[in-house]
Each structure stands twice: as C-alpha cells, then as structure tokens.
Amino acid sequence: IVSHNGTLDKFIGDCIMALWNAPRHVALHAGSAVAAALRMQVVLISLWDHWAAKGLPPIRFRVGINTDSVFVGNFGCDHRINYTVLGDGVNLASRLEAANKAFQTVVLVSERTMTQAC
C-alpha cells in the first residue's frame, strides 16, 4: 500500500482499510490503488509454498476498490479522534470487497475506478 503511494488507515478485524490521494495528493491514485491490490495478491501467492513447507495453509484475501469524493479528516469527539474517510464511496468499496466471495474473485473495482485507472 505505502509503496504505491497509499495511506494505511486502519485494521478492522481481518480488514485493512487504505486510501489514496489523502492526506497527500496522488496524481494517478486510482491506478496506484489497483496496482497495490494486484501486487499484494502476487506477493501473497509467492508465500504459499513457504507456508506449505511449514504445514501452514495458504492465506487468501479480497480487495474492493472504489474511487469517489468522500469526507476525509479527523473525526470523533473530545476523547477519541481518528483520521479516516467517511461516505457512500467508502461503503461501496466495502461492498465490492464482500462481493468477491460471490463472484469467486479476489479484486473487484468500481466502474469509476476502472475508468480512471486505465
């Protein structure tokens, strides 16, 4: 994520939430997000043989990417503040990630992301 100019937002259970184009401008943010997702999949698969040799099962993960205007900044209250993003665009990315299971895919991107990434 970081090597593709992304910002690691948080870990949520077994989820990694990341964003691009904030807090610093990333000119080709949609393409960078897609490249990061694909690279993470390649690196993950390259580790499977190593884990298998130790008797460990392969780990798989799914990615959902959406490009949209969202609220970004420090949100919270007096005793807890978190830098993050909020909005329908974030929710769509989450839904895309979950839809991978039904489609038996590992990376799903929205039409807007695909248009901007290509």
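These are my notebook entries on one protein chain, taken from a predicted model.

**Entry 1: the overall layout**

I started by listing the elements. I found three helices and six strands. Reading from the N terminus, I get the order β-β-α-β-β-β-α-β-α. For the dimensions I looked at the C-alpha trace, which spans about 50 × 40 × 30 Å along its principal axes. Then I looked up burial: of the 118 residues, 28% count as buried. I also checked how contacts are spread along the chain. Among contacts with a separation of 6 or more, 48% are between residues 24 or more positions apart.

**Entry 2: the nonpolar core**

Which residues make up the largest nonpolar core? I noted Trp-20, Val-26, Ala-33, Val-34, Ala-36, Ala-37, Val-63 and Ile-65, eight residues in all. I then asked myself which elements supply at least two residues each. Helix 1 (29-53) and strand 3 (63-65) both do. Helix 1 gives the largest share of this core, with four residues. A background note to self: in soluble globular proteins, nonpolar side chains tend to be buried together.

I picked Val-26 out of the core for a look at its partners. Skipping neighbours within four places in sequence, Val-26 is in contact with Asn-5, Trp-20, Asn-21 and Ser-32. Of these, Trp-20 is a fellow member of the core.

**Entry 3: the loop between strand 2 and helix 1**

This loop took up a good part of my page. Pro-23 sits in it, and so does Asn-21. I looked at the peptide bond joining Ala-22 and Pro-23 and found it to be cis, with omega about 5°. Next I looked at the backbone of Asn-21. Its phi is near 75°, a positive value in a residue other than glycine. I wrote the usual case beside these two: most residues other than glycine have a negative phi, and most peptide bonds are trans.

Is Asn-21 buried, partly exposed or exposed? Its relative accessible area is 31%, so I put it down as partly exposed. Not counting residues up to four places away in sequence, Asn-21 touches Val-26 and His-29. I also took a distance: the C-alpha atoms of Asn-21 and Ala-33 are 9.9 Å apart, with their positions twelve residues apart along the chain.

**Entry 4: His-29**

Since Asn-21 led me to His-29, I followed it up. His-29 lies in helix 1. Its relative accessibility is 19%, and the cut-off for buried is under 20%, so His-29 counts as buried. What does His-29 touch, residues up to four places away in sequence not counted? I listed Trp-20, Asn-21, Thr-67 and Gln-116.

**Entry 5: the largest pocket**

I turned to empty space next. The largest pocket has a volume of about 1100 Å³. It is lined by 37 residues, and those nearest its centre are Ile-16, Met-17, Ala-18, Gly-64 and Ala-93. Several elements each supply at least two lining residues: strand 2 (15-19), helix 1, strand 3, helix 2 (88-103) and helix 3 (111-117). The largest share, six residues, comes from helix 1. I had already met helix 1 as the largest contributor to the core. By residue type, the lining divides into 22 nonpolar, nine polar and six charged.

**Entry 6: two more loop residues**

Gln-104 is in the loop between helix 2 and strand 6 (107-109). Its phi is near 55°, again a positive value in a residue other than glycine. Gln-104 has a relative accessible area of 75%, so I marked it as exposed.

Asp-14 is in the loop between strand 1 (7-12) and strand 2. At 81% relative accessibility, Asp-14 counts as exposed. I took one distance here too. Asp-14 and Phe-61 are 47 residues apart along the chain, and their C-alpha atoms are separated by 8.9 Å.

**Entry 7: the cysteines**

How many disulfides are there? I counted zero. I still looked up the surroundings of two cysteines. Cys-15 has a relative accessible area of 34%, so it is partly exposed. Cys-118 comes out at 74% relative accessible area, and therefore counts as exposed.

How values were computed
Residues are numbered from 1 along each chain as its sequence is written. This is a predicted model: local features need pLDDT of at least 70, side-chain atom pairs count only at pLDDT 80 or more; totals for chains, interfaces and linings use all residues. Side-chain values use heavy atoms; hydrogens and water are left out. A nonpolar core is a set of buried Ala, Val, Leu, Ile, Met, Phe, Trp, Tyr and Cys residues joined through side-chain atoms within 4.5 Å. Buried means under 20% relative accessible area, exposed over 50%, partly exposed in between (1.4 Å probe, protein chains only). Contact means heavy atoms within 4.5 Å. On a 1 Å grid over the protein atoms alone, a cavity is a set of points where a 1.4 Å probe fits but cannot get out, and a pocket is an open set with protein on both sides within 12 Å along at least five of seven lines; lining residues have an atom within 4 Å of a point. Grid points are joined across faces, edges and corners, and a volume is the space filled by probe spheres set on the points. Ala, Val, Leu, Ile, Met, Phe, Trp, Tyr, Cys and Pro count as nonpolar, Asp, Glu, Lys and Arg as charged, and the others, Gly among them, as polar. A disulfide is a pair of cysteine sulfur atoms within 2.5 Å.
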